Every structure is written in C-alpha cells, then in structure tokens.
Amino acid sequence: MPPMKKFPYTPLQIAIHIYAWSGLILLIFDAVTGHLSPNPIQDLEQRTGRHAITLLVLSLLCTPVNTLFKWSEPLKRRRALGLYAFMYAVIHVIIFADLDYGLAWSRLVQEVIQKPRLIVGMFAFILLIPLAITSFDIWKKRLGKNWKRLHRVVYFIAPLVVLHYLWSKKGDILSLQGDIVKPLIYGLIIAIFLIMRFPPIRKALASFSTRMLALLPKKNQQPKVDAP
Amino acid sequence: MTQYNSVPIRSSEITPRQVYLSRRDFMKAATVTASAALLAACAPSAAEQIQNTKAVPTSNATDELGDKINTYSDITSYNNYYEFTTDKQGVAELAQDFKVAPWTVEVGGLVNNPKTFGIEDLLKLLPQEERIYRLRCVEAWSMVIPWEGFTLASLLDVVQPTSDAKYVRFETVYRPEEMRGQKNDLYPWPYQEGLRLDEAMNDLTFLATGLYGEPNVPQNGAPIRLVVPWKYGFKSIKSIVKIGLVAEEPDTLWKSIASNEYGFYANVNPAVDHPRWSQASERRIGELNRRPSLPFNGYGEQVATLYKGLDLNVNY
C-alpha cells in the first residue's frame, strides 16, 4: 500500500476557515432566501461588522494563548484571522457606502465627517488597509523590523473598532446605562488581551504557565514505537 | 404653513377596513336574514357574526401621503421593546406569553375624577377608530401602521384634568418575571414617558388597543399603548398601566439615560441630528433607498403651532 499523504491542514486551520466563511455564506443564504430582518441593509451592516470585530478579537487572542499554554500554532494563524477580519470590514464598508447610501458621496462624506462614530470607524478601516497589504511574507522580509512595528497598529485599531460599535448603540458608557453590554464585553476582552502583552505581565504569565505546565502529567511525550 | 405637506384626507375619515370588508358579508347576511323571514331571533346572531368576522389584513391601504402601510408581518416581527430584549427580531417570541388580560390603567394625579379603568371599560366608553400613522424610530427607520383605538384627549375628558395639570406622565407595567429585559439594571425601569398637556390633547395623540383590524399583540405594546406620530418612536410608550396628570415636566427613561441624545420633546426633526447619527433621512421598512425625513414626521400642519416660540434646536 502506498503511504498515505499527510493531510495538509491542522484542526485549528480548518476551524478558522470554516468559521470565517460560514458567516459570509449564511449572510448570502439569508439574503437570497429573504431571511434577513425587515431592515435588511442594517442587518447586513450589523452582521458584517460583528464578524469583523470578532475575527479581529480572535487574531489578538493568538499571542496570549501562546504565552499561557505554550501553544505556538495560533501565532501562525494570526494572518488568516486578520485578513478575514479585513474581508468583513471591506464588505461592511461597501454595504454602508453602496447599499445604504447608494454611493451618494456628498451625503456620505458629510455624514462621515460629522459623526464621531463614523470618523472612528472610517479611521480604523483605513488603518487596517496597510496591515492587510503587508501581511504577506514578501513584505515581512522587505520591511524587516518595521513590519512588527507597523502591525502593532492593531493595538490601536481594536479599541477604535469597539468605540465605533459602542457609539452605534443606544446607551451611555459614562453613566453605564443603556444598551452597552455587548460592546463593553468586546472592550474588556480586548483590554485583557492587550494588557497580557505588556512585557512585564507577559513574562510573569509565561513563567507562571511554565510552572503550571510542569505539574501536568507528560502525556504529550512521543511514545517510543519500533519502526516497522 | 406651506412648508408642511397638506393632509388631503384624515385617516379618521377613511372607512375602517372592518366596515368595508364586512359590507358584503353584511349584505349577504341581511339577505339571508330577510329571506329567513319572520325568524327575528336570527338577527342578533347575524349581527354578532359580522362583528366577529376577522378582517383579512390587506396591504393596500395607504397613509394620507399615499405611502402604503407596512405588512402585518413586518410590523409584528421588528420591534424595539427593550423590556423584552434589545434584539428587534427577538421581541415577538419573548413577548408571546406576556399576559395582557386582565389589565387595568390607573388614571390619576391632578384630575377631578381619578379612575382605574379595565381595558374592556375603555373600549366600551370611548369611540374606537382607525388611524394610519407613520412611525419614525429615532434609529432612522420608519413604518406606516394601521392602529385602532381612541384619542388620549377623549380619555382625559373623562377624568377632567385640573387647572394645575401641565403635563401627562405615562408608565409601563413592571413585570421582570415576564419581561426579562427589565432584569437588566442598566436601565431605570419601569419605562416612563411624558407629554405636555397640549400635546396630549392634540387630536393626533392616540391610545392604540388594536393593530391591523385585530387586537394589538404584546410585541407592539398590547393591550394599550400610546402613539404620538410626530415624535420619535420611543415617546410612544407601550403596555401602559399608569397615566398621571402632573404639574412638572416628568422624567422620561431615555432622557434620564442620555439627556444630550434624547430630549423630552423628541419631535421628528431632520434638521437636528442625534449626536451620533443623522436624522436627515430614514429607511422605510420594505424599501431599499433612504427617504428624506419630514419635519414633525409630516404632521407639521397639525402640530407645528404647539411649538411656536420654542427653539427646537435646544428643545429637541
């Protein structure tokens, strides 16, 4: 029997791709079969926005997972998650400009420059563009040290996106009243993920996890098997 | 007042749908009754039959501007009712088991005849009519909805506000066990709203008990809700249990959450934006393009005079 070719994708990779595409497929399915809300354009905007922010949060989760569990594979998946987040952001912006505002640029521009919610959203989107473009290996090589610096801009983008989300809801963050729970949860998660990156905290977490992992039974060790 | 669209036919003058739909049934029933000759006892039951004939909701009716009413399904499946959930499409299901009977409305405060009414009393006491109104949500979407009910003025005439009464305060039922959104402490429940007395007495101001020719449903504020068509939807408080005449401007839920965003007046005004989004245009549910929003939601002719001398940029 010829040796089986090794399956080229890891379970994590498969999960990420399925998760990322399922959102879009479901969206298209609902649009085609008429299962969007009675306010369909807003429904599309909100759903693509939520997918974008969720994927962005997941991309920020990779580093803490590596720190805490010494599991390095998520580090390789940051690019996919980030690009998927960008994909949904692009769809989100296109729906807003085209479907919602019918590409009426003068009205659109007026609206965007007047409303902090839209300024912040637009700014976050514009900042995502260079990150998406330079996410490929060729740029990584070309930019060297600066590549990492550039991609740290995401630490700034993520809070902007949460602010954009929060300001789309009817509530008030200062008095902690109204419809603020979901944006607040996203904000807290992002804050935690960012704090975990501060070098002193990261070091402390890493050494803590080393000690904890040492206590676990070592079931991961390769069993010794005689070669056939 | 030419800047406002004139209103050619008042919706109250349009034949109610039940009547025109049941006219043929009536003719048939009348013929049958007549040919059943001498069986006078049949007559009352025939009449009853007509009354119980449920009107088949047709979507052909329009508001006075010629815009079609929204479908029953859109009206009853897309609701802002935070007492249940902030998810507009989730309200209908969560509100299914909400008990709308028995129900009483306590009308009191600065009135000569304070009284607690059962819903049935109100339906008997006050003339019912249909009103087709535009509803403009502060979130910049809108619908056209055929309500049944009576004017708030007709109810206030019964209880007779005293001369000290300057405002009307409304309160929604507080039942966290049935309305799970009320367990959320981020809102100062129960929902309360208010109108100036002259706004309350305006002929447009309506208490709705029915929708689309049928009794109202919980997700739309059954059994009794306010409808103030020239103001943003959040003024039209749902599932009312208390109406009180007061001397001072009452607190309102959204104003107490964010007074810079939701004012006491909350008149539909395309010239005054919500701080975070524009009010210049709106999306009519069922349409894809935005349409410009109208001052006072198109009811300026009837209500603009209420606000003479009032700076609407400040009193938003």
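In this predicted model, helix α2 (residues 40-69) of chain A packs against helix α10 (residues 199-215) of chain A at an angle of about 45°, and the two axes lie 7 Å apart. Angles of 35 to 65 degrees fall outside the parallel and perpendicular classes, so α2(A) and α10(A) count as oblique to each other. On the α2(A) side, the contact is made by A:Thr67, A:Leu68 and A:Phe69. Their partners in α10(A) are A:Arg202, A:Leu205, A:Ala206 and A:Ser209. Sorted by character, the residues of this helix contact come out as four nonpolar, two polar and one charged.

Moving over to chain B, the count is nine helices and 12 strands. Of the 316 residues in chain B, 40% are buried. Take the contacts in chain B with a separation of 6 or more: 69% of them come from residues 24 or more positions apart.

Five of the strands in chain B make up an open sheet, running in the order β2-β1-β10-β5-β6 with mixed pairing. At the edges sit β2 (115-118) and β6 (192-196) of chain B, each of which pairs on one side only. On average, neighbouring strands in this sheet are turned by 15° against each other, ignoring direction. Strands of a sheet pair through backbone hydrogen bonds, in either a parallel or an antiparallel way. For strand β1 (residues 104-109) of chain B and β2(B), the sense is antiparallel, and the pairing spans four bridges. Within this part of the sheet, B:Glu106 stands opposite B:Thr116, a residue of β2(B).

Then there is the contact between the chains, where 18 residues of chain A meet 18 residues of chain B. On the chain A side, α5 (116-133), β1 (171-172) and β2 (177-178) each chip in with at least two residues. The chain A residues that touch chain B split into six nonpolar, seven polar and five charged.

As for confidence, the model scores ipTM 0.73 and pTM 0.77. Chain B has a mean pLDDT of 85, with 81% of its residues at 70 or more. Residues 18-56 of chain B are another matter, with pLDDT below 50. Beyond near neighbours in sequence, this stretch still has 20 contacts in the model. Where pLDDT is low, the predicted coordinates should not be read in detail.

Terms used. Residues are numbered from 1 along each chain as its sequence is written. Chains are lettered from A and ligands numbered from 1 in the order in which they are written. This is a predicted model: local features need pLDDT of at least 70, side-chain atom pairs count only at pLDDT 80 or more; totals for chains, interfaces and linings use all residues. Axes are lines fitted to C-alpha atoms, for helices over the stretch in contact, and angles run from 0 to 180 degrees between N-to-C directions. Angles under 35 degrees count as roughly parallel, over 145 as roughly antiparallel, 65 to 115 as roughly perpendicular and the rest as oblique. Two residues are in contact if their C-beta atoms, placed from the backbone, lie within 7 Å. Ala, Val, Leu, Ile, Met, Phe, Trp, Tyr, Cys and Pro count as nonpolar, Asp, Glu, Lys and Arg as charged, and the others, Gly among them, as polar. Two strands pair if DSSP finds at least two bridges between them. A residue is buried if 20 or more other C-beta atoms lie within 10 Å of its own, exposed if 12 or fewer, and partly exposed in between; C-beta atoms are placed from the backbone. pLDDT is the predictor's confidence in each residue, from 0 to 100.
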